[in-house]
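This briefing covers the protein–DNA contacts and the chain–chain interface. Start with the structure below.

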Protein chains: 2
Amino acid sequence: MGISERKEREKEEMRQRILEAALHLFRERGFEGVSIRNIAEAIEYSPATIYLYFKDKNELFYALQFEAMDIKRNHLLPSAAIEDPWERLLDFGRRYIDFGFKHPDLYDLLFIIKAPMDALENQQCWTLGVATHSFFVETVQACIDKRYFKSTDADTIAYTLWCHAHGLVSLFVRERMRMYPPEKREVLAWQSYEMIIKMAQTL
Amino acid sequence: MGISERKEREKEEMRQRILEAALHLFRERGFEGVSIRNIAEAIEYSPATIYLYFKDKNELFYALQFEAMDIKRNHLLPSAAIEDPWERLLDFGRRYIDFGFKHPDLYDLLFIIKAPMDALENQQCWTLGVATHSFFVETVQACIDKRYFKSTDADTIAYTLWCHAHGLVSLFVRERMRMYPPEKREVLAWQSYEMIIKMAQTL
DNA sequence: AAATATACTGAACAGTGTTTAGTAAAATCA
DNA sequence: TGATTTTACTAAACACTGTTCAGTATATTT
């Protein structure tokens with residue numbers, strides 16, 4: 001049955017074409033500024049067609065979130081190759097913040113936007129995120145084992161570092177740093193990262 | 001001219017009635033879930049009437065943001081009475097996080113929601129925010145002066161602490177802590193606060 | 001009493017997400 | 001082959017959104 005195979009392939013291609021157009025538009029105009037009709041126009045199909053491939057706008061959103069999670073994963077991946085856990089942790093943090101600054105729209109999509117997080121489509125995205133987080137906690141644990149920290153509570157240390165990095169990126173992404181001059185914002189952020197690292201060392 | 005005075009008072013009352021209804025609805029259904037028509041219905045006026053008191057939905061949003069900022073200010077205010085800067089800083093941080101947990105919708109409005117931040121109405125809100133931030137930085141400076149920190153860079157210390165608190169609250173508010181069991185989330189957050197305080201002490 | 005200013009509204013416009021009935025084309029069956 | 005079913009798609013509608021504007025009834029001033 002070569003036909004049904006081709007059909008399935010075509011269906012998958014169409015799905016990808018929709019996602020591509022959506023991600024493209026989204027990175028151009030922000031998530032709120034993209035409508036089903038926009039996407040439909042971009043791929044030269046009727047709006048109703050999109051509903052043959054995605055249940056609703058939420059499910060399209062979940063799929064996009066998954067794409068973003070994959071891009072983030074690839075951005076952080078090189079850290080995993082670093083042997084020394086402390087150096088790995090440093091590199092990981094730097095890459096996390098760098099991802100946020102380089103792809104504010106994707107960071108937004110992953111960590112800031114309010115959306116129901118319980119759809120099936122989103123499950124695998126969440127799995128990927130949890131995996132990355134586990135890798136992070138494991139690295140912290142490895143640092144504990146090598147006596148880089150005094151505290152032995154890996155969960156709390158990891159969460160504390162994550163809070164800092166997330167706060168840093170999201171204050172930047174959502175433009176809540178107006179009390180600092182524009183050119184100082186990114187500098188201050190990186191200084192703060194250096195500071196939290198030094199603080200962590202003494203913990 | 002008693003009439004024009006009364007008119008002005010009535011106009012202000014109407015403005016307040018709109019804001020009250022909007023804030024009420026917003027805290028019930030989230031910001032995205034509130035429409036001009038909803039608000040109009042709540043105060044039993046036509047949607048067009050709202051546009052006689054606010055230029056557009058954004059300006060209504062700014063006014064709400066100002067209300068939220070005021071509530072936050074009152075929530076943090078008691079800290080100012082504490083003499084010792086270190087104790088004041090601790091209390092301030094605790095109150096900041098507590099505000100976020102108790103009023104996630106208002107926190108959202110103030111620090112997370114994406115919106116143009118340059119309208120006139122928003123100016124005074126921003127002024128209030130900057131004042132609070134200045135108070136925070138001054139407290140950090142007072143701690144530096146009393147040798148509670150080793151570092152002398154008040155800006156970076158303040159920003160680092162703010163990043164942590166904001167990251168903590170916004171991960172909670174935007175439900176990005178799914179990898180931890182629900183009952184552990186708030187506990188972990190407060191543990192993390194304790195940890196950053198201890199870290200800061202050794203800085 | 002007439003003219004003007006004020007406060008408000010109904011109806012419309014262009015946009016949104018989503019559903020449904022219907023239509024051509026493709027694949028399958030006889 | 002020709003008839004039938006399945007597939008892929010769309011036009012049109014529904015109920016919503018923010019926003020504007022012509023029109024109206026009341027209150028104030030002349």
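A polar contact here is a pair of N or O atoms within 3.5 Å; within protein, one must be able to donate a hydrogen and the other to accept it, and residues adjacent in sequence count only if both atoms are side-chain atoms. By that rule, B:Arg37 touches a base: a polar atom of its side chain is 3.5 Å from a base nitrogen of DNA strand C.

The model is predicted, with local features needing pLDDT of at least 70, side-chain atom pairs counting only at pLDDT 80 or more, and totals for chains, interfaces and linings using all residues. Residues are numbered from 1 along each chain as its sequence is written, chains are lettered from A and ligands numbered from 1 in the order in which they are written, and side-chain values use heavy atoms, with hydrogens and water left out.

**DNA strand C**

- Near means that a heavy atom of the residue lies within 4 Å of the strand. By this rule 22 residues surround DNA strand C, and the closest are A:Arg37, A:Tyr51, A:Lys57, B:Thr49 and B:Tyr53.
- Sugar and phosphate make up 59% of the strand C atoms that come within 4 Å of the protein.
- Chain B also reaches phosphate oxygens of this strand. A polar backbone atom of B:Ser46 is 2.8 Å from one, and a polar side-chain atom of B:Thr49 is 2.3 Å from one.
- Two or more residues each come from helix H1 (2-29) and helix H2 (36-42) of chain A, and from helix H1 (2-29) and helix H3 (47-50) of chain B. Helices are DSSP runs (H or I, at least four residues), as strands are (E, at least two), numbered from the N terminus.
- The surface near strand C has 10 nonpolar, four polar and eight charged residues. Nonpolar covers Ala, Val, Leu, Ile, Met, Phe, Trp, Tyr, Cys and Pro; charged covers Asp, Glu, Lys and Arg; the others, Gly among them, are polar.

**DNA strand D**

- Around DNA strand D there are 22 residues, of which A:Thr49, A:Tyr53, B:Arg37, B:Tyr51 and B:Lys57 come nearest.
- B:Arg37 has a side-chain N or O atom 2.5 Å from a base nitrogen of strand D.
- Phosphate oxygens of strand D lie 2.8 Å from a side-chain N or O atom of B:Ser35 and 2.8 Å from a polar side-chain atom of B:Tyr51.
- H1 and helix H3 (47-50) of chain A, with H1 and helix H2 (36-42) of chain B, each give two or more residues to this surface.

**Chain A against chain B**

- In contact (heavy atoms within 4.5 Å) are 46 residues of chain A and 46 of chain B.
- About 4,400 Å² is buried between the chains, 66% of it from carbon and sulfur atoms. Buried area is the accessible area (1.4 Å probe) lost on putting two parts together, summed over both.
- A:Tyr159, A:Arg176 and A:Met199 supply 18% of the area that chain A buries against chain B, more than any other three residues.
- Two salt bridges cross the interface, with a side-chain nitrogen of Lys or Arg within 4 Å of a carboxyl oxygen of Asp or Glu. One joins A:Asp155 and B:Lys184 (3.0 Å, N to O).
- H8(A) gives the most to the side of chain A that touches chain B, with 13 residues.

**Symmetry**

- Chain A superposes on chain B by a rotation of 180 degrees with 0.0 Å of shift along its axis (RMSD 0.1 Å). That is the relation of a two-fold axis. The fit is by least squares on C-alpha atoms of residues with pLDDT of at least 70 in both copies.
- The same surface serves both copies, as 100% of the contact residues of chain A recur in chain B.
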